[in-house]
Amino acid sequence: MSGRDGLLRVAEDRFLHGHLLSRWITDYVDLEESLAVGSIAQEELAHAATLMEFAGLDDEGRDAFIFERPVHAWQPTALVAHRLEDWPAVVIRGYLLASVGEVGSVLLSHARRPELQSAGQVIAAEQRLHVTHWERWVSLLGQDQRTGDELRARAAQVLPLATDVFGAPAFDRANGEAAHAAWVEAVSVPLAAVGIPVDALGRAPVPRAVRDSTELADVLGEIRSLRVGAGDGVRGLYR
């Protein structure tokens with residue numbers, strides 16, 4: 001991970017994923033799953049806050065980072081720059097991002113700063129639980145003849161969005177390529193078990209592009225609607 005900028009790029013990913021998951025707390029029909037998704041979303045926001053803190057942002061700095069920067073200043077992975085409208089696609093994205101989070105957090109655990117090492121170990125452990133959750137859904141949907149074809153179709157759409165998760169500027173070239181290879185290897189067996197090839201992830205990460213899209217602007221507009229007035233501050237959803 002390439003220093004402060006890398007921490008902030010990954011923080012963007014985690015924050016946006018937490019927000020995008022929030023709709024499934026109420027939209028999904030199974031109460032137990034809704035509660036589980038709510039817990040994952042909460043931890044994604046907490047991980048984002050931790051990464052922003054280690055990047056040197058205080059509460060005011062985090063507020064400005066999330067609520068005040070223009071859209072073109074954001075460089076999240078394409079996985080979270082788009083809404084996904086159905087559950088199988090959300091499952092694939094959740095599984096890929098949780099696996100990314102586990103691999104990326106292992107890099108943090110090898111950092112020179114002791115506080116980053118400790119945070120990396122905690123985040124990696126929590127992302128491992130997320131991996132287990134989403135992997136179970138991949139298996140359930142993929143092995144059921146009623147949903148398997150839909151899951152595979154959604155995977156064909158979602159996997160190409162993931163090619164930049166370890167790309168610059170979030171990760172330097174050496175760390176990014178090593179992490180990408182470890183990540184592809186980690187997800188390949190569970191996905192192959194339900195007929196999903198990982199070729200679309202590529203052999204090396206691609207650089208992240210500036211996300212100046214209408215869709216990302218709309219997502220950020222939702223997030224920024226939490227600001228309730230000039231003197232009222234921001235509701236603490238990401239702290």
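Helices here are DSSP runs of H or I of at least four residues, strands are runs of E of at least two, and both are numbered from the N terminus. The model is predicted, so local features need pLDDT of at least 70 and side-chain atom pairs count only at pLDDT 80 or more, while totals for chains, interfaces and linings use all residues. Residues are numbered from 1 along each chain as its sequence is written, and side-chain values use heavy atoms, with hydrogens and water left out.

**Whole chain**

Start with a cartoon of the whole chain. There are nine helices and zero strands, giving the pattern α-α-α-α-α-α-α-α-α along the sequence. Buried means under 20% relative accessible area, exposed over 50%, and partly exposed in between, with a 1.4 Å probe and protein chains only. By that rule 51% of the 239 residues count as buried. Contact means heavy atoms within 4.5 Å. Among contacts between residues at least 6 apart in sequence, 80% join residues at least 24 apart.

**Helix 3 and its two ends**

Select residues 31–54, which form helix 3. The expected span of a helix is 1.5 Å times one less than its number of residues. For the 24 residues of helix 3 this gives 34 Å, and the end C-alpha atoms are 35 Å apart, which agrees.

Next, show Asp30 and Glu32 at the start of helix 3. A side-chain oxygen of Asp30 comes to within 3.2 Å of the backbone nitrogen of Glu32. This is a polar contact, that is, a pair of N or O atoms within 3.5 Å; within protein, one must be able to donate a hydrogen and the other to accept it, and residues adjacent in sequence count only if both atoms are side-chain atoms.

Past the other end, select Gly56, which follows helix 3 and has a positive phi near 100°. Then add Arg4, which is in helix 1 (residues 3–21). Arg4 and Gly56 are 52 residues apart in sequence, yet their C-alpha atoms are 7.8 Å apart. Leaving aside neighbours within four places in sequence, Arg4 is in contact with Ala55 and Leu57. Its relative accessibility is 48%, so Arg4 counts as partly exposed.

**Arg62**

Move on to helix 4 (residues 59–67) and select Arg62. Is Arg62 buried or exposed? Arg62 has 11% relative accessibility and therefore counts as buried. Its side chain makes a polar contact of 2.2 Å with the side chain of Asp59.

**Gln127 in helix 6**

Select Gln127, which lies in helix 6. At 0% relative accessibility, Gln127 is buried. Which side chain does Gln127 meet in a polar contact of 3.0 Å? The partner is His47. Show also the other residues that Gln127 touches beyond four places in sequence, including Arg14, Glu44, Leu97 and Glu102.

**Helix 6 against helix 7**

Select residues 114–143 and 148–158, helix 6 and helix 7, whose axes come within 6 Å and cross at roughly 125°. Axes are lines fitted to C-alpha atoms, for helices over the stretch in contact, and angles run from 0 to 180 degrees between N-to-C directions. Angles under 35 degrees count as roughly parallel, over 145 as roughly antiparallel, 65 to 115 as roughly perpendicular and the rest as oblique. Helix 6 and helix 7 are therefore oblique to each other. Val138, Leu141 and Gly142 of helix 6 meet Gly148, Leu151 and Arg152 of helix 7. The residues of this contact divide into three nonpolar, two polar and one charged (Ala, Val, Leu, Ile, Met, Phe, Trp, Tyr, Cys and Pro are nonpolar; Asp, Glu, Lys and Arg are charged; the others, Gly among them, are polar).

**The loop from helix 7 to helix 8**

Pro160 lies in this loop and is partly exposed, at 39% relative accessible area. Beyond four places in sequence, Pro160 touches Ala155 and Ala200. Further along the same loop is Pro169, joined to Ala168 by a cis peptide bond with omega about 10°.

**Helix 8**

Finish with residues 173–192, helix 8, whose 20 residues reach 27 Å between first and last C-alpha, close to the 28 Å expected. Its buried residues include Gly176, His180, Trp183 and Val187. Zoom in on Leu191, also in helix 8, which is buried at 0% relative accessible area. Among the residues Leu191 touches beyond four places in sequence are Ile92, Tyr95, Val138 and Val198. Leu191 and Gly142 are 49 residues apart in sequence and 8.7 Å apart, C-alpha to C-alpha.
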